[in-house]
Amino acid sequence: MKNNIFKFVFFLMISTTMMANVSLPNIFGDNMVLQRNSEVKIWGWANPKEEIKLVSSWNNQEYKVVANNQAQWELHIKTPEAGGPYTISIKGYNEVVLKNILIGEVWVCAGQSNMEMSVSWGIDNGEEEMKNATNPNIRFFTVPKLTATTPQNNLLGNWTESTQETMKNFSAIGYFFAKRLREDLKNVPIGLISSNWGGTPAEIWMPEEVIQNDAVLLENAKKLNEQEYGPRQPGRAYNAMIYPFVGFKIAGTLWYQGESNVGSLVYDKTLSALISSWRKAWQDEFSFYFVQIAPYKTGSNNFSNVTVRNSQRKILNQVPKTGMVLTSDISDTIDIHPKNKKDVGIRLANLALAETYKVNSNLVNGPLFKDIKIEKSKVIVSFDYADGLYFKNKTSNQFELAGADGTFYAAEASIKNNQVILTSKKVPNPVKVRFAWGNTIQSDLFNKAHLPASCFVTE
(Lines give C-alpha, C1' and ligand atoms only; values in the text may rest on other atoms or scores of the structure.)
Protein backbone atom coordinates (compact mmCIF):
# COMPACT_ATOMS: atom_id res chain seq x y z
CA MET A 1 0.00 0.00 0.00
CA LYS A 2 2.77 2.40 1.08
CA ASN A 3 4.56 1.57 -2.12
CA ASN A 4 1.49 2.57 -4.17
CA ILE A 5 1.12 5.88 -2.33
CA PHE A 6 4.80 6.61 -2.94
CA LYS A 7 4.35 5.82 -6.65
CA PHE A 8 1.30 8.11 -6.84
CA VAL A 9 3.11 11.02 -5.12
CA PHE A 10 6.11 10.49 -7.39
CA PHE A 11 3.77 10.52 -10.43
CA LEU A 12 2.22 13.80 -9.21
CA MET A 13 5.67 15.34 -8.77
CA ILE A 14 6.68 14.25 -12.27
CA SER A 15 3.38 15.58 -13.71
CA THR A 16 3.75 19.00 -12.10
CA THR A 17 7.38 19.25 -13.16
CA MET A 18 6.33 18.38 -16.68
CA MET A 19 3.57 20.99 -16.52
CA ALA A 20 5.98 23.62 -15.21
CA ASN A 21 8.41 23.11 -18.05
CA VAL A 22 7.88 24.98 -21.28
CA SER A 23 6.87 22.33 -23.82
CA LEU A 24 5.69 22.26 -27.42
CA PRO A 25 3.57 19.95 -29.54
CA ASN A 26 5.72 17.55 -31.59
CA ILE A 27 4.86 19.34 -34.85
CA PHE A 28 7.38 21.95 -33.64
CA GLY A 29 10.82 20.43 -33.44
CA ASP A 30 14.34 20.18 -34.82
CA ASN A 31 14.48 19.92 -38.64
CA MET A 32 11.05 21.49 -39.17
CA VAL A 33 10.14 23.79 -42.05
CA LEU A 34 8.20 26.98 -41.37
CA GLN A 35 6.19 28.76 -44.07
CA ARG A 36 8.21 31.62 -45.59
CA ASN A 37 7.16 35.30 -45.73
CA SER A 38 4.36 34.65 -43.26
CA GLU A 39 3.09 35.22 -39.79
CA VAL A 40 3.30 31.75 -38.27
CA LYS A 41 1.70 30.60 -35.05
CA ILE A 42 3.80 28.75 -32.48
CA TRP A 43 2.08 27.39 -29.39
CA GLY A 44 2.68 25.19 -26.38
CA TRP A 45 2.30 24.76 -22.63
CA ALA A 46 3.93 26.15 -19.48
CA ASN A 47 2.96 27.06 -15.92
CA PRO A 48 -0.13 29.28 -15.69
CA LYS A 49 1.04 32.93 -15.71
CA GLU A 50 4.60 31.91 -16.66
CA GLU A 51 6.28 34.42 -18.96
CA ILE A 52 7.55 32.90 -22.21
CA LYS A 53 10.24 34.53 -24.34
CA LEU A 54 10.89 33.36 -27.88
CA VAL A 55 13.88 34.43 -29.99
CA SER A 56 14.21 33.58 -33.69
CA SER A 57 17.78 33.49 -35.01
CA TRP A 58 16.97 34.93 -38.46
CA ASN A 59 16.36 38.39 -36.98
CA ASN A 60 17.17 37.92 -33.27
CA GLN A 61 13.78 39.39 -32.45
CA GLU A 62 12.31 38.63 -29.04
CA TYR A 63 8.61 37.80 -28.66
CA LYS A 64 6.92 37.60 -25.25
CA VAL A 65 3.69 36.09 -23.97
CA VAL A 66 2.27 34.95 -20.63
CA ALA A 67 0.73 31.47 -20.35
CA ASN A 68 -3.00 31.53 -19.55
CA ASN A 69 -4.82 29.84 -16.66
CA GLN A 70 -5.10 26.62 -18.69
CA ALA A 71 -1.27 26.58 -18.96
CA GLN A 72 -1.40 27.35 -22.71
CA TRP A 73 0.43 30.01 -24.69
CA GLU A 74 0.74 31.02 -28.32
CA LEU A 75 2.81 33.50 -30.30
CA HIS A 76 2.66 34.81 -33.84
CA ILE A 77 6.09 35.35 -35.33
CA LYS A 78 7.18 36.72 -38.70
CA THR A 79 9.21 34.51 -41.03
CA PRO A 80 11.63 35.80 -43.69
CA GLU A 81 12.23 34.70 -47.29
CA ALA A 82 13.34 31.08 -47.80
CA GLY A 83 16.54 30.06 -46.07
CA GLY A 84 18.21 28.51 -43.06
CA PRO A 85 19.20 26.56 -41.11
CA TYR A 86 18.04 28.65 -38.14
CA THR A 87 17.32 28.13 -34.45
CA ILE A 88 14.42 29.19 -32.25
CA SER A 89 14.91 29.55 -28.50
CA ILE A 90 11.87 29.40 -26.18
CA LYS A 91 12.47 30.29 -22.53
CA GLY A 92 10.34 30.09 -19.42
CA TYR A 93 11.57 28.41 -16.22
CA ASN A 94 13.47 26.18 -18.64
CA GLU A 95 14.73 26.67 -22.19
CA VAL A 96 13.85 24.74 -25.35
CA VAL A 97 16.04 25.29 -28.41
CA LEU A 98 14.80 24.10 -31.81
CA LYS A 99 17.64 23.54 -34.25
CA ASN A 100 18.20 23.08 -37.99
CA ILE A 101 14.98 24.89 -38.92
CA LEU A 102 14.39 25.84 -42.54
CA ILE A 103 12.09 28.53 -43.90
CA GLY A 104 10.30 27.49 -47.09
CA GLU A 105 7.02 26.01 -48.34
CA VAL A 106 4.91 23.64 -46.23
CA TRP A 107 2.31 21.26 -47.70
CA VAL A 108 0.03 18.65 -46.13
CA CYS A 109 -0.27 15.32 -48.03
CA ALA A 110 -3.46 13.59 -46.92
CA GLY A 111 -5.91 10.87 -47.91
CA GLN A 112 -5.84 7.11 -48.20
CA SER A 113 -3.43 4.47 -49.48
CA ASN A 114 -2.57 5.98 -52.87
CA MET A 115 -1.20 9.07 -51.11
CA GLU A 116 0.40 6.95 -48.39
CA MET A 117 2.06 4.63 -50.94
CA SER A 118 5.85 4.77 -50.75
CA VAL A 119 8.88 3.25 -52.47
CA SER A 120 8.71 0.39 -49.96
CA TRP A 121 5.35 -0.61 -51.53
CA GLY A 122 7.01 -1.20 -54.91
CA ILE A 123 6.32 1.85 -57.09
CA ASP A 124 7.76 2.29 -60.62
CA ASN A 125 11.55 2.95 -60.52
CA GLY A 126 11.32 3.29 -56.74
CA GLU A 127 14.72 1.84 -55.88
CA GLU A 128 16.41 4.07 -58.48
CA GLU A 129 14.66 7.21 -57.19
CA MET A 130 15.56 6.30 -53.61
CA LYS A 131 19.29 6.32 -54.43
CA ASN A 132 19.09 10.04 -55.23
CA ALA A 133 16.71 11.02 -52.43
CA THR A 134 19.23 12.51 -49.99
CA ASN A 135 18.29 16.18 -49.80
CA PRO A 136 18.55 18.20 -46.56
CA ASN A 137 16.23 20.83 -48.08
CA ILE A 138 13.27 18.44 -48.24
CA ARG A 139 11.81 17.56 -44.83
CA PHE A 140 9.19 15.01 -43.79
CA PHE A 141 6.79 14.69 -40.88
CA THR A 142 4.73 11.48 -40.76
CA VAL A 143 1.57 11.50 -38.65
CA PRO A 144 0.93 8.09 -37.02
CA LYS A 145 -2.36 6.29 -37.66
CA LEU A 146 -4.63 6.90 -34.69
CA THR A 147 -8.27 7.65 -34.01
CA ALA A 148 -9.82 9.64 -31.18
CA THR A 149 -13.38 10.46 -30.15
CA THR A 150 -12.38 14.03 -29.21
CA PRO A 151 -9.85 16.50 -30.72
CA GLN A 152 -6.31 15.83 -29.47
CA ASN A 153 -3.74 18.53 -28.71
CA ASN A 154 -0.62 16.59 -29.67
CA LEU A 155 0.61 13.72 -31.80
CA LEU A 156 3.67 11.51 -31.96
CA GLY A 157 6.25 12.00 -34.68
CA ASN A 158 9.19 14.19 -35.62
CA TRP A 159 10.64 16.08 -38.58
CA THR A 160 13.36 14.32 -40.58
CA GLU A 161 15.52 15.27 -43.54
CA SER A 162 15.00 13.42 -46.81
CA THR A 163 17.49 10.54 -47.01
CA GLN A 164 17.36 7.21 -48.81
CA GLU A 165 15.90 5.64 -45.67
CA THR A 166 13.32 8.32 -44.76
CA MET A 167 12.16 8.75 -48.37
CA LYS A 168 11.70 4.99 -48.74
CA ASN A 169 8.78 5.01 -46.29
CA PHE A 170 7.31 8.44 -47.02
CA SER A 171 4.50 9.35 -49.44
CA ALA A 172 6.03 8.94 -52.90
CA ILE A 173 3.63 11.46 -54.43
CA GLY A 174 4.64 13.96 -51.73
CA TYR A 175 8.33 13.41 -52.38
CA PHE A 176 8.05 13.82 -56.18
CA PHE A 177 5.89 16.92 -55.63
CA ALA A 178 8.55 18.44 -53.36
CA LYS A 179 11.37 17.55 -55.74
CA ARG A 180 9.67 19.27 -58.70
CA LEU A 181 8.72 22.29 -56.59
CA ARG A 182 12.34 22.75 -55.54
CA GLU A 183 13.54 22.63 -59.14
CA ASP A 184 11.13 25.35 -60.27
CA LEU A 185 11.11 27.53 -57.15
CA LYS A 186 14.90 27.73 -57.29
CA ASN A 187 15.86 25.65 -54.28
CA VAL A 188 13.25 26.82 -51.77
CA PRO A 189 13.12 24.28 -48.88
CA ILE A 190 9.98 22.12 -48.82
CA GLY A 191 8.33 20.64 -45.72
CA LEU A 192 5.73 17.88 -46.07
CA ILE A 193 3.31 16.66 -43.40
CA SER A 194 1.92 13.25 -44.38
CA SER A 195 -1.36 12.22 -42.72
CA ASN A 196 -2.82 9.18 -44.47
CA TRP A 197 -4.67 5.96 -43.76
CA GLY A 198 -5.45 3.32 -46.39
CA GLY A 199 -9.09 2.27 -46.81
CA THR A 200 -10.57 5.34 -45.08
CA PRO A 201 -13.59 7.34 -46.29
CA ALA A 202 -13.54 11.16 -46.38
CA GLU A 203 -16.04 11.37 -43.51
CA ILE A 204 -13.49 10.37 -40.86
CA TRP A 205 -11.15 13.20 -41.95
CA MET A 206 -13.39 16.13 -41.01
CA PRO A 207 -14.91 17.35 -37.73
CA GLU A 208 -17.76 15.06 -36.64
CA GLU A 209 -20.17 17.98 -36.18
CA VAL A 210 -19.85 18.93 -39.87
CA ILE A 211 -21.49 15.59 -40.72
CA GLN A 212 -23.93 15.60 -37.79
CA ASN A 213 -25.21 19.05 -38.77
CA ASP A 214 -25.89 18.17 -42.40
CA ALA A 215 -28.79 15.80 -43.15
CA VAL A 216 -27.42 14.73 -46.57
CA LEU A 217 -23.92 14.00 -45.26
CA LEU A 218 -25.27 12.23 -42.18
CA GLU A 219 -27.55 9.99 -44.25
CA ASN A 220 -24.64 9.13 -46.54
CA ALA A 221 -22.26 8.48 -43.61
CA LYS A 222 -24.69 5.91 -42.19
CA LYS A 223 -24.06 3.78 -45.28
CA LEU A 224 -20.38 3.40 -44.38
CA ASN A 225 -20.22 -0.08 -42.93
CA GLU A 226 -17.63 -0.79 -40.29
CA GLN A 227 -14.97 -2.77 -42.11
CA GLU A 228 -12.08 -4.62 -40.58
CA TYR A 229 -9.33 -2.66 -42.33
CA GLY A 230 -10.04 0.85 -41.20
CA PRO A 231 -12.10 3.26 -39.14
CA ARG A 232 -15.45 4.49 -40.47
CA GLN A 233 -16.77 6.81 -37.75
CA PRO A 234 -17.00 10.50 -38.75
CA GLY A 235 -14.34 12.73 -37.21
CA ARG A 236 -12.12 9.99 -35.77
CA ALA A 237 -9.01 10.51 -37.92
CA TYR A 238 -9.51 14.28 -37.96
CA ASN A 239 -9.40 14.37 -34.14
CA ALA A 240 -6.11 12.47 -33.87
CA MET A 241 -4.36 13.07 -37.21
CA ILE A 242 -5.32 16.59 -38.37
CA TYR A 243 -6.58 18.63 -35.41
CA PRO A 244 -3.28 18.44 -33.42
CA PHE A 245 -1.47 20.53 -36.04
CA VAL A 246 -4.34 22.81 -37.14
CA GLY A 247 -2.90 26.32 -37.26
CA PHE A 248 0.59 25.19 -38.27
CA LYS A 249 1.01 27.56 -41.24
CA ILE A 250 0.83 25.75 -44.61
CA ALA A 251 0.85 26.74 -48.27
CA GLY A 252 -1.75 24.12 -49.12
CA THR A 253 -3.00 20.55 -49.09
CA LEU A 254 -2.57 17.66 -51.53
CA TRP A 255 -5.41 15.16 -51.27
CA TYR A 256 -5.71 11.68 -52.83
CA GLN A 257 -8.79 9.85 -51.55
CA GLY A 258 -12.13 8.63 -52.83
CA GLU A 259 -11.71 4.92 -53.44
CA SER A 260 -13.38 4.25 -50.07
CA ASN A 261 -16.30 6.49 -51.03
CA VAL A 262 -16.97 4.72 -54.32
CA GLY A 263 -20.72 4.37 -54.78
CA SER A 264 -21.46 7.68 -53.06
CA LEU A 265 -23.75 9.99 -55.01
CA VAL A 266 -22.76 13.01 -52.92
CA TYR A 267 -18.96 12.84 -52.86
CA ASP A 268 -18.72 16.39 -54.22
CA LYS A 269 -20.73 17.63 -51.22
CA THR A 270 -18.64 15.49 -48.84
CA LEU A 271 -15.23 16.65 -50.06
CA SER A 272 -16.43 20.26 -50.36
CA ALA A 273 -17.48 20.10 -46.69
CA LEU A 274 -14.07 18.70 -45.73
CA ILE A 275 -12.19 21.47 -47.59
CA SER A 276 -14.37 24.18 -46.01
CA SER A 277 -13.97 22.69 -42.52
CA TRP A 278 -10.16 22.56 -42.78
CA ARG A 279 -9.95 26.13 -44.08
CA LYS A 280 -12.24 27.27 -41.28
CA ALA A 281 -10.10 25.48 -38.67
CA TRP A 282 -6.90 27.03 -40.07
CA GLN A 283 -8.63 30.38 -40.66
CA ASP A 284 -6.89 30.35 -44.03
CA GLU A 285 -8.15 29.72 -47.56
CA PHE A 286 -5.07 27.72 -48.57
CA SER A 287 -4.76 25.93 -51.92
CA PHE A 288 -6.35 22.47 -52.03
CA TYR A 289 -5.30 20.21 -54.91
CA PHE A 290 -6.63 16.69 -55.28
CA VAL A 291 -6.08 13.65 -57.48
CA GLN A 292 -9.03 12.25 -59.40
CA ILE A 293 -9.22 8.57 -58.51
CA ALA A 294 -8.16 6.18 -61.26
CA PRO A 295 -10.60 4.18 -63.44
CA TYR A 296 -10.98 0.83 -61.71
CA LYS A 297 -13.34 -2.15 -61.78
CA THR A 298 -15.43 -1.72 -58.66
CA GLY A 299 -17.92 -4.43 -57.72
CA SER A 300 -20.87 -5.16 -59.96
CA ASN A 301 -22.01 -1.55 -60.43
CA ASN A 302 -20.54 -0.22 -63.68
CA PHE A 303 -20.83 3.39 -62.56
CA SER A 304 -19.85 3.51 -58.87
CA ASN A 305 -16.25 4.59 -59.60
CA VAL A 306 -17.02 6.97 -62.48
CA THR A 307 -19.68 8.72 -60.38
CA VAL A 308 -17.07 9.65 -57.76
CA ARG A 309 -14.68 10.87 -60.48
CA ASN A 310 -17.45 13.04 -61.91
CA SER A 311 -18.18 14.39 -58.41
CA GLN A 312 -14.51 15.31 -58.07
CA ARG A 313 -14.71 17.23 -61.35
CA LYS A 314 -17.75 19.17 -60.09
CA ILE A 315 -15.90 20.35 -56.96
CA LEU A 316 -13.68 22.53 -59.16
CA ASN A 317 -16.65 24.78 -59.92
CA GLN A 318 -18.04 24.67 -56.39
CA VAL A 319 -15.02 25.45 -54.20
CA PRO A 320 -12.47 28.24 -54.86
CA LYS A 321 -8.69 27.66 -54.98
CA THR A 322 -9.03 23.96 -55.79
CA GLY A 323 -7.38 22.01 -58.59
CA MET A 324 -7.55 18.44 -59.87
CA VAL A 325 -4.96 16.15 -61.38
CA LEU A 326 -6.16 13.46 -63.81
CA THR A 327 -4.61 10.00 -63.83
CA SER A 328 -6.66 7.89 -66.26
CA ASP A 329 -3.73 7.71 -68.72
CA ILE A 330 -1.17 6.61 -66.10
CA SER A 331 -3.36 4.21 -64.14
CA ASP A 332 -4.08 0.52 -64.21
CA THR A 333 -7.75 -0.54 -64.28
CA ILE A 334 -6.98 -3.83 -62.53
CA ASP A 335 -4.76 -2.40 -59.76
CA ILE A 336 -6.34 -0.01 -57.25
CA HIS A 337 -2.80 1.14 -56.42
CA PRO A 338 -1.29 2.38 -59.73
CA LYS A 339 2.51 2.15 -59.52
CA ASN A 340 3.29 5.36 -61.42
CA LYS A 341 3.45 7.84 -58.55
CA LYS A 342 6.12 10.11 -60.03
CA ASP A 343 3.86 11.56 -62.73
CA VAL A 344 1.10 12.15 -60.17
CA GLY A 345 3.49 14.12 -57.93
CA ILE A 346 4.82 16.10 -60.91
CA ARG A 347 1.30 16.94 -62.14
CA LEU A 348 0.35 18.18 -58.66
CA ALA A 349 3.55 20.27 -58.57
CA ASN A 350 2.82 21.72 -62.02
CA LEU A 351 -0.65 22.70 -60.78
CA ALA A 352 0.80 24.39 -57.67
CA LEU A 353 3.51 26.14 -59.71
CA ALA A 354 0.84 27.55 -62.04
CA GLU A 355 -1.93 28.36 -59.57
CA THR A 356 -0.28 28.97 -56.18
CA TYR A 357 3.14 30.25 -57.22
CA LYS A 358 2.32 31.74 -60.65
CA VAL A 359 5.68 30.66 -62.09
CA ASN A 360 4.38 28.11 -64.61
CA SER A 361 2.43 29.37 -67.64
CA ASN A 362 2.21 25.96 -69.32
CA LEU A 363 -1.04 24.05 -69.74
CA VAL A 364 -1.33 22.03 -66.51
CA ASN A 365 -4.95 20.78 -66.67
CA GLY A 366 -6.57 18.12 -68.81
CA PRO A 367 -9.66 19.16 -70.82
CA LEU A 368 -12.64 19.80 -68.53
CA PHE A 369 -16.24 19.83 -69.74
CA LYS A 370 -17.56 23.40 -70.13
CA ASP A 371 -20.91 23.32 -71.94
CA ILE A 372 -22.93 21.92 -74.84
CA LYS A 373 -24.72 23.60 -77.72
CA ILE A 374 -27.50 21.64 -79.43
CA GLU A 375 -28.13 22.33 -83.13
CA LYS A 376 -31.00 20.05 -84.26
CA SER A 377 -29.51 16.53 -84.27
CA LYS A 378 -25.95 17.73 -83.66
CA VAL A 379 -24.29 18.53 -80.32
CA ILE A 380 -21.20 20.74 -79.97
CA VAL A 381 -19.23 20.08 -76.77
CA SER A 382 -16.89 22.78 -75.45
CA PHE A 383 -14.06 22.23 -72.95
CA ASP A 384 -11.80 24.37 -70.84
CA TYR A 385 -8.07 23.69 -71.37
CA ALA A 386 -8.88 22.42 -74.87
CA ASP A 387 -5.86 23.72 -76.83
CA GLY A 388 -4.75 21.11 -79.33
CA LEU A 389 -7.63 18.73 -78.63
CA TYR A 390 -7.12 15.26 -80.15
CA PHE A 391 -8.33 11.68 -79.90
CA LYS A 392 -5.66 9.17 -78.91
CA ASN A 393 -6.79 6.72 -81.62
CA LYS A 394 -7.85 9.29 -84.26
CA THR A 395 -11.52 8.55 -83.48
CA SER A 396 -13.42 8.12 -80.22
CA ASN A 397 -16.15 5.70 -79.18
CA GLN A 398 -16.41 7.13 -75.65
CA PHE A 399 -19.11 9.77 -76.25
CA GLU A 400 -22.80 8.94 -75.87
CA LEU A 401 -25.99 10.89 -76.52
CA ALA A 402 -29.46 10.59 -74.97
CA GLY A 403 -32.81 12.05 -75.91
CA ALA A 404 -35.66 13.00 -73.59
CA ASP A 405 -36.09 9.35 -72.54
CA GLY A 406 -32.61 9.36 -70.96
CA THR A 407 -31.37 6.24 -72.81
CA PHE A 408 -27.79 6.69 -73.98
CA TYR A 409 -26.48 5.50 -77.36
CA ALA A 410 -22.97 5.59 -78.79
CA ALA A 411 -22.26 8.80 -80.73
CA GLU A 412 -20.00 9.55 -83.68
CA ALA A 413 -17.45 12.11 -82.59
CA SER A 414 -15.20 14.49 -84.52
CA ILE A 415 -13.06 17.45 -83.47
CA LYS A 416 -13.34 20.90 -85.02
CA ASN A 417 -11.89 24.15 -83.62
CA ASN A 418 -10.99 22.40 -80.34
CA GLN A 419 -14.63 21.38 -79.85
CA VAL A 420 -16.15 17.91 -80.16
CA ILE A 421 -19.05 17.49 -82.61
CA LEU A 422 -21.46 14.62 -81.83
CA THR A 423 -24.25 12.89 -83.78
CA SER A 424 -26.13 9.61 -83.43
CA LYS A 425 -28.67 8.12 -85.84
CA LYS A 426 -30.45 6.63 -82.83
CA VAL A 427 -30.86 10.03 -81.14
CA PRO A 428 -32.44 12.53 -83.58
CA ASN A 429 -33.22 15.02 -80.77
CA PRO A 430 -30.29 14.89 -78.30
CA VAL A 431 -30.66 16.37 -74.81
CA LYS A 432 -27.79 14.90 -72.77
CA VAL A 433 -24.15 13.90 -73.34
CA ARG A 434 -21.80 11.69 -71.40
CA PHE A 435 -18.15 10.84 -71.93
CA ALA A 436 -15.91 7.96 -70.78
CA TRP A 437 -18.85 6.90 -68.60
CA GLY A 438 -17.80 3.60 -67.07
CA ASN A 439 -15.73 2.44 -64.11
CA THR A 440 -12.78 1.22 -66.17
CA ILE A 441 -12.85 3.61 -69.17
CA GLN A 442 -9.54 5.42 -69.61
CA SER A 443 -10.18 8.69 -71.44
CA ASP A 444 -9.14 8.82 -75.13
CA LEU A 445 -9.45 12.63 -75.44
CA PHE A 446 -6.32 14.73 -74.80
CA ASN A 447 -5.03 18.28 -75.22
CA LYS A 448 -1.67 19.51 -76.52
CA ALA A 449 -0.09 18.97 -73.08
CA HIS A 450 -1.01 15.26 -73.56
CA LEU A 451 -3.24 15.40 -70.49
CA PRO A 452 -6.49 13.37 -70.57
CA ALA A 453 -10.01 14.79 -70.35
CA SER A 454 -12.18 13.99 -67.34
CA CYS A 455 -15.27 11.83 -67.64
CA PHE A 456 -18.53 13.78 -67.39
CA VAL A 457 -22.28 13.60 -67.80
CA THR A 458 -24.43 16.66 -68.48
CA GLU A 459 -27.06 17.35 -65.83
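**Sheets and cysteines: a quick chat**

User: Which order do the strands 14, 15, 19 and 20 take in their open sheet?
Analyst: The order is 14-15-20-19, with antiparallel pairing. Strands here are DSSP runs of E, at least two residues, numbered from the N terminus, and two strands pair if DSSP finds at least two bridges between them.

User: Ok, and which strands stand at the edges?
Analyst: Strand 14 (368-375) and strand 19 (412-416); each has a single partner strand, so one side of each lacks a neighbour in the sheet. On average, neighbouring strands are turned by 25 degrees against each other, direction ignored (axes are lines fitted to C-alpha atoms).

User: How many bridges pair strand 19 with strand 20?
Analyst: Five, in the antiparallel sense, with strand 20 covering residues 419-423. Alanine 413 sits opposite leucine 422 of strand 20.

User: Before I go on, what kind of model is this?
Analyst: A predicted one: local features need pLDDT of at least 70 and side-chain atom pairs count only at pLDDT 80 or more, while totals for chains, interfaces and linings use all residues. Residues are numbered from 1 along each chain as its sequence is written, and side-chain values use heavy atoms, leaving out hydrogens and water.

User: What's the bridge partner of phenylalanine 435 in strand 23?
Analyst: Phenylalanine 456. Strand 21 (residues 432-435) runs antiparallel to strand 23, and two bridges join them.

User: Switching to cysteines: how many disulfides?
Analyst: Zero, counting pairs of cysteine sulfur atoms within 2.5 Å.

User: Is cysteine 109 buried or exposed?
Analyst: Buried, because its relative accessibility is 0%; the cut-off for buried is under 20% relative accessible area, exposed is over 50%, and partly exposed lies in between (1.4 Å probe, protein chains only). Cysteine 455 is buried too, at 2%.

How values were computed. Helices (H or I, at least four residues) and strands (E, at least two) are DSSP runs, numbered from the N terminus. Axes are lines fitted to C-alpha atoms, for helices over the stretch in contact, and angles run from 0 to 180 degrees between N-to-C directions.
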